[in-house]
Amino acid sequence: MQTRPGKQLGFNFALLMLIASGLSAQSQPNTNVLYQQLRNLKPGGDVINVSGLTLKRDAAIFTFQSGSFAFYGVTNNKETGAVFIGSGHIHITPPTREERHNLLILNHTEEFDEDFDQALFRFTDDTAAELRKASTGNGEAKPSYIQIAQDFHNFQRMKLHNNYDLRILEDVQSAAPGGFFLAALHSRKNAHLLFIIDPHGVSEVAPEEVALHSMSDWGNTILLAFHSSDEYHGQNQVNGNELNATTHISSENLDATIEKNGFLTGLATVEIKAATDGVAVIPLNIYRTLRVSKVETASGEQLEFIQEKKEEDPDFGVVLKSPLKKDESVTLRIAYGGKDVVMDEGGANYYPVARESWYPNSAQGLGDYVTYKMTFHVPRGLELIATGTKLKEYNEGKYTISEWKSDVPIPVVGFNLGKFKMKETQVQESGVQGKPGDLLTVNAYANESTPDNMQEFSGAEGVGNINTASMLPLQLSEGAAAAEIYSDYFGELPFSHVALTQQFACGYG
């Protein structure tokens, strides 16, 4: 939880919410012992020499002509990293025609080849054992190994903003074998070339499990992304709907308070089911400026959690007291809050910046279909329009409170906040076997006034009057047409003989 001068009212209200919900004072993140070991690991004096070593990882073949590996220390009896200095080469033959074509566009060749002179490896598979088996003798410990590790650690935090230590903790904390593999290569062409294999899906391209990134000061270029190569053989089960995360969210109750300045405080009650055995760490997605203050089970047992600084690698994960078995569930209560999630644009216009991450959800993004219940507290005079069906709305003190629920499991929920004008129409859904369908109510909302940063343009020559309310008839007709098209393509909506409401908004947020 964060405070700001002049915003004591929001802080007091958030504090009262936490006390009323049964959550005690804030907890400190990142205190897990194994996580701290991983975070501070460096390659030490354990060095081996290699010559003519070939290491195959999925579609990639690493060749180490000559050089030395310095190993990281052991965490929970598992080796998780090594640094290489010497002469090496990576060769990748993408398993699909589409990826070969994509590589041809980006790299002017259908296969990827690159020489490197140093590399950092992080892993939870059997890489350490394979390297040690190929040893030709002990090598010399040098400060350069530690420097390479430190440089990548800083690059991971300040440039990539991905917490690979948290990802490795998932496998280290679990008794089940891991399969994570990361190679950060340095060459003349690419100062930061990342090849990643993650059975749970690589960040940014999940559910695909293999990716090749070229990182620079200008950004991240994804050169390749594909599923594990063996998935393309046999029955060819590869598809974009693959669910390979270790957990899936079943239901989620959200209680959120949004102040006039946009500061958001929330309490999420999340029911999570394990998709595999040995789940000891649950990664969740939440916007980087939202700071988690406490995580508890449904019985009030406090849990450790990971969340580094918002400017660095702020990935969020919860460490369980004991691993879950497949299909076993746990309920988490997560208290959080922060700014820069909802921006006050002036004129009662609010822009929800974190549309998909204003609450804790699946680390794979839009991967889980979840049943949601939501309660919002917003300043009186403002209106909140959320995903789903509004159950009730009432005033209490300085706040308007509204309660919502999703009619069916959905992948994401969101909201718009401000002062709105609304128009409504009804359309007939497609019937079944010639029977009439249900009436679907379509509501379209528009902001009543323009935000501060657009007022200077309103009425300017060539621009005209900026007014989203005038767009309502168009948005309403487009929404109605979309509803009919979706019904024709995907069938009638799940609940027959019920008038359903679908909401569309046009505006500055």
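The following exercises, with worked solutions, concern salt bridges, a helix, a sheet and a surface patch in a predicted model.

Residues are numbered from 1 along each chain as its sequence is written, and side-chain values use heavy atoms, with hydrogens and water left out. Because the model is predicted, local features need pLDDT of at least 70 and side-chain atom pairs count only at pLDDT 80 or more, while totals for chains, interfaces and linings use all residues.

**Exercise 1. Helix α5**

Task: Compare the span of helix α5 with its expected value, and state which of its residues are buried.

Solution.
Step 1. Helices (H or I, at least four residues) and strands (E, at least two) are DSSP runs, numbered from the N terminus.
Step 2. Helix α5 covers residues 143-160, which is 18 residues. The expected span is 1.5 Å times one less than the number of residues. From first C-alpha to last, α5 reaches 24 Å, close to the 26 Å expected.
Step 3. Buried means under 20% relative accessible area, exposed over 50%, and partly exposed in between (1.4 Å probe, protein chains only). The buried residues of α5 are Tyr 145, Ile 148, Ala 149, Phe 152, His 153, Phe 155, Gln 156, Arg 157 and Leu 160.
Step 4. Just after the helix, His 161 has a positive phi of about 60°.

**Exercise 2. Salt bridges**

Task: Locate the partners of Arg 157 and Arg 39, and determine whether each residue is buried or exposed.

Solution.
Step 1. A salt bridge requires a side-chain nitrogen of Lys or Arg within 4 Å of a carboxyl oxygen of Asp or Glu. The structure contains 16 of them.
Step 2. Arg 157 meets Glu 312 at 3.1 Å, N to O. This pair joins helix α5 to the loop between β16 (304-306) and β17 (316-324), 155 residues apart along the chain.
Step 3. Arg 157 counts as buried because its relative accessibility is 17%; Glu 312 is buried at 12%.
Step 4. Arg 39 meets Asp 165, also at 3.1 Å, N to O. Here helix α2 (residues 33-40) is linked to helix α6 (residues 164-172), across 126 residues. Both Arg 39 and Asp 165 are buried.
Step 5. These two residues belong to a salt-bridge network with Arg 122, Glu 308 and Asp 313.

**Exercise 3. The sheet around β13**

Task: Describe the surroundings of strand β13 and identify the edges of its sheet.

Solution.
Step 1. Two strands pair if DSSP finds at least two bridges between them. Strand β12 (residues 247-258) runs antiparallel to β13, joined by 11 bridges, and Ala 256 stands opposite Gly 266.
Step 2. In the hairpin of β12 and β13, 5 residues lie between the strands, and Gly 262 has a positive phi near 95°.
Step 3. With β18 (residues 329-338), β13 forms 10 antiparallel bridges; Val 270 stands opposite Leu 332.
Step 4. The open sheet of 7 strands has the order β15-β18-β13-β12-β22-β25-β24, with mixed pairing. β15 (291-297) and β24 (389-396) each have a single partner strand, so one side of each lacks a neighbour in the sheet.
Step 5. Because 8 of the 11 residues of β13 (residues 264-274) are buried, the strand is largely enclosed by the rest of the structure.

**Exercise 4. A surface patch**

Task: Identify the members of the nonpolar patch that includes Tyr 486.

Solution.
Step 1. Patch residues have over 30% relative accessible area and no salt bridge; like charges are joined within 9 Å, and nonpolar side chains (Val, Leu, Ile, Met, Phe, Trp, Tyr) within 5 Å. Accessible areas come from the Shrake-Rupley method with a 1.4 Å probe; for residues, only the protein chains shown count as cover.
Step 2. Ile 485, Tyr 486 and Tyr 489 make a patch of about 400 Å².
Step 3. Tyr 486 lies in helix α8 (residues 472-490) and counts as exposed, at 51% relative accessibility.
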